[in-house]
Amino acid sequence: METSDLFHPDPATQTFADVLLPIAIAKAYTYVVPEEMVPHLAFGNQVEVSFGKNKRYSGIVVQIHRDAPGGYKPKSILSIIDARPLITPQQLKLWQWMAGYYCCTLGEVMNTAMPSNLKLASETRISLSPLYDHNFQGLSDKEFLVTEALSIQGELTLDEVRSILDQKTIYPVIHQLIEKRIIYLKEEIQAKYQPKTISCVRLQEPYASRPELLEEAFELTSRSAKQTDALMAFVQLVRKGPFVRKQAIYELANADHGVIKALEKKGILETYEQEVSRMPGYEDESAEQSDLSEKQQTALTQIREQFEEYPVVLIHGVTGSGKTRLYVELIQEAIDRGGQALYLLPEIALTTQIIDRLKKVFGDQIAVYHSRLSNNERVEVWRSVLEGKPVILGPRSSLFLPFAKLGMVVVDEEHDNSYKQQDPAPRYNGRDTAIYLGRLHESKVLLGTATPSLESYHNAKTKKYGLVELFERYGGLELPEVHIADLKTPPAPAGAPPSVFSAQLLTELKYTLEQREQAILFQNRRGYAPVYRCNSCGWTQQCEHCDVTLTYHKSQNQLRCHYCGFRASTLPACPACGNRDLHLQGTGTERIEDDIAIHFPEARIGRMDLDTVRTKHAHARIINDFEEHRLDILVGTQMVTKGLDFDKVSIVGVINADQLLHFPDFRASERAFQLLTQVAGRAGRKGRRGKVVIQALQTTHPVLKDVIAGDYKDFYRREIEERQAFKYPPFYRLIKITLKHKIPETVNRAAQHLGNLLKDHLGPRVMGPAIPYVSRVRGQYLLDILVKLERNNHLIFQSKEWIMDGIHQVHRLEGCSGVRVNVDVDPG
């Protein structure tokens, strides 16, 4: 029994604190503040509390008052873990808005928002930090006991720490050990920063220390004109900088890898990896340091003018127009006014070039926040923002940081679906949340993209947002030339091997490689083939836990499920009819990588998809190899469309546009237009006009025509009419409710009950229950209910109340308490 439970002081004289916990409860829980803590406790403090029978958590104080709670006897706060405030009042308001708008609990929002080190729980496991040198000096007795136990046992739960210290209140001790970098949480080990390197060439000894001997080196190359030219190129280049890139020799001497290898074998040159700044490809065009172009200056002036009237401005600028340069100007202005700036990116791992360009401009004024940081690093960034760090750069999770004086929010590539959180709750949209965050801080919000979302562009056209357009590429570069290749035309001459490549694409690739330039091939499907089928009876190998076919991955010689990770071997014969004529159907990035090597056996080919970037630093390594022209062709999924700018890419090929255009989703046309336009923008970014070849069966599709013409306005006009006719956003608000259970009868009963409850209130606005495109995932059967609501704030608020009440009633049905119900407001 807690000591506080033995006495019952007069509630009128007691102080209470509402403490927010990182668990799925609807509101903050009220605790008694022990008398000795009252002078020290304040809003935002981290405290240790007990919740439930035996669970302990670290929570955040969000209110201190004298009102005793009704209906339950409050427990006491056990300890103050950190007297420094961890959150701001505006932050709490953001969390409260998110909980209400996205139909989740305040605790779920807190759990998503806070770094792991700031939300300890009883089950948390700790280990010694690899940085700890086993020096026990400076440790208190309790810290020493925990550290010694960890050195013997390897890891401990917090409950085991309580047993070792023989006390219940341990969070202050754990907090101090984390602060001293002696321990870390079990899940903390993350991939660390790896410096960027480029392949360079230097002289071997004795030529390196005695350059007068170079004449002898030239004598060794006298029988090879190519080797002599390469060595001469090296001599010229070494005078111009501290190191010589291997690629620079290739270009100056028209040499290749074999020539450099020959010079290495003769003991003249050697290759090595040189660490450089992660500022790839900008030596020719330091846009952040150069003067603004006339068009950029006009756009910047217009943005400032629009901000006088609108808190949110959309800049619609084509790929390569220099939008980032404008962001830098506006962020600098916010800093000069004494404010902070938040620069949001869709995915931190795919935008290293933009990150490092900004780091070069802002130096130590900028901090990067993302999930690949260790828990300690995330806490450090959290505290630095609270103390006023000027610039924060990161993905949607950066919205949760405790900004002290936010003055500018930039949402780059605002259309990108990566801004939408899918699981777990809150299922929020980062762009929309950024706009609300800006409203809380009375700061300006700039949305930037080459392909605006229909919602944002509609808001701009209806004068809810300001609108600025920038349709000229920086430096006067031309937009790429886009061609459509008909896949119904035979892809290759008779007798040639089967191919997924059109004759037009193969011709363009051949010319590109002859010019020693690079190509990107885009296919938004990973693996080798998505279907393993019997040609006799039509059987396909399915996942045991999901209603999807298994995808064949040639690199592992396995069939894999992309939903749950289930793996299986290929069967030698059909289990249904016994036929041994089983075939792989469809095309993924692995197959394209294989097929392109047949057509161009000398080409150096790389692949960038989820399978190739899983390992530590793999993503950066692939990008570096492509930038340094160690690869000629890069095959990839939509990863190749985001934040990448390669100066030697002259041709981009889209293998199959039909897959994008015919996906069963009301946003399919919008996504296809955005993705095709973005991938096309990778071509010809550096001083030359590029080409794009889009392969398709339905070559007359209106979206493809708009992509060819680069005509967003025509696409918007047609699409917005369809959205209005069929009651979709931006004219209606959508709420998708997904029910899940391992027993189909149970989820059917729960979905029918919830659907009927909602139809009683909302009538035909409720559609379903319906079986989704993938009806079973990870052994759970799924049913969807879709609610379409007019843009009426009262109706939307009331509907959310009915939905949450309906879910509560479903869980009270016999046998339905285990049904999981996910509510997705504004589904992406």
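P424 sits in the loop that runs between strand 16 (406-412) and helix 14 (430-441), and the bond that leads into P424 from D423 is a cis peptide bond, with omega about -5°. That is a good way into this predicted model, and a second cis bond, from E205 to P206, is waiting elsewhere in the chain. The notes below go from backbone geometry to buried positions, nonpolar cores and salt bridges.

**Cis peptide bonds**

- Between D423 and P424 the peptide bond is cis, and its omega of about -5° is the value to look for when you check the backbone there.
- For the bond from E205 to P206, also cis, omega is near 10°.
- P206 belongs to the loop between strand 9 (196-203) and helix 6 (214-220).

**Positive phi outside glycine**

- N254 is not a glycine, yet its phi is positive, near 55°.
- You will find N254 in the loop between helix 8 (246-253) and helix 9 (257-265), and with 52% relative accessibility N254 counts as exposed.
- E442 is another non-glycine residue with a positive phi, here about 55°.
- The loop that holds E442 connects helix 14 and strand 17 (444-449), and E442 is exposed, at a relative accessible area of 76%.
- R181, which comes after helix 5, has a positive phi near 60°; this arginine returns below as a salt-bridge partner.

**Buried positions in a loop and a helix**

- T451 is placed in the loop between strand 17 and helix 15 (454-461).
- Although T451 is a loop residue, its relative accessible area is 0%, so T451 is buried.
- Leaving aside residues up to four places away in sequence, T451 touches H415, F673, Q674, T677, Q678 and Y712.
- Helix 5 (residues 171-179) has buried residues at Y171, V173, I174, H175, L177 and I178.

**Nonpolar cores**

- The largest nonpolar core takes in 114 residues, and W95, I737 and L739 have the most contacts inside it.
- Helix 1 (residues 89-101) gives this core its largest share, seven residues.
- Another core lies apart from it and has 31 residues, among them I303, I348, F362 and L470.
- In soluble globular proteins, nonpolar side chains tend to be buried together.
- The neighbours of L739, not counting residues up to four places away in sequence, are V747, A750, A751, L754, Y781, L782, L783, I785, V819, R820 and V821.

**Salt bridges**

- Across the whole structure, a search finds 40 salt bridges.
- One of them pairs R56 with E48, whose closest N and O atoms are 3.7 Å apart.
- Both ends of that pair are out of the open: R56 is buried at 6% relative accessibility, and E48 is buried at 0%.
- D82 and R383 form a salt bridge with 2.6 Å between the closest N and O atoms.
- Because D82 is in strand 5 (residues 79-82) and R383 is in helix 13 (residues 375-386), this pair ties together parts that are 301 residues apart in sequence.
- D82 counts as buried at 5% relative accessibility, and R383 counts as buried at 11%.
- R181 and E380 also form a salt bridge, and their closest N and O atoms are 1.9 Å apart in the model.
- This pair links distant parts of the chain, 199 residues apart, with R181 in the loop between helix 5 and strand 8 (183-185) and E380 in helix 13.
- R181 counts as partly exposed at 33% relative accessibility, and E380 is partly exposed as well, with a relative accessible area of 43%.
- E455, R667, E670, E719 and R723 are joined into one network by salt bridges that share partners.

Definitions and conventions
Residues numbered from 1 in each chain as written. Predicted model: local features only at pLDDT ≥ 70, side-chain atom pairs only at ≥ 80, totals over all residues. Heavy atoms only, no water. Helix = DSSP H or I, 4+ residues; strand = E, 2+ residues; numbered from the N terminus. Buried < 20%, exposed > 50% of the residue type's maximum accessible area, 1.4 Å probe, protein only. Contact = heavy atoms within 4.5 Å. Core = buried A, V, L, I, M, F, W, Y, C linked by side-chain atoms within 4.5 Å. Salt bridge = Lys/Arg side-chain N within 4 Å of Asp/Glu carboxyl O.
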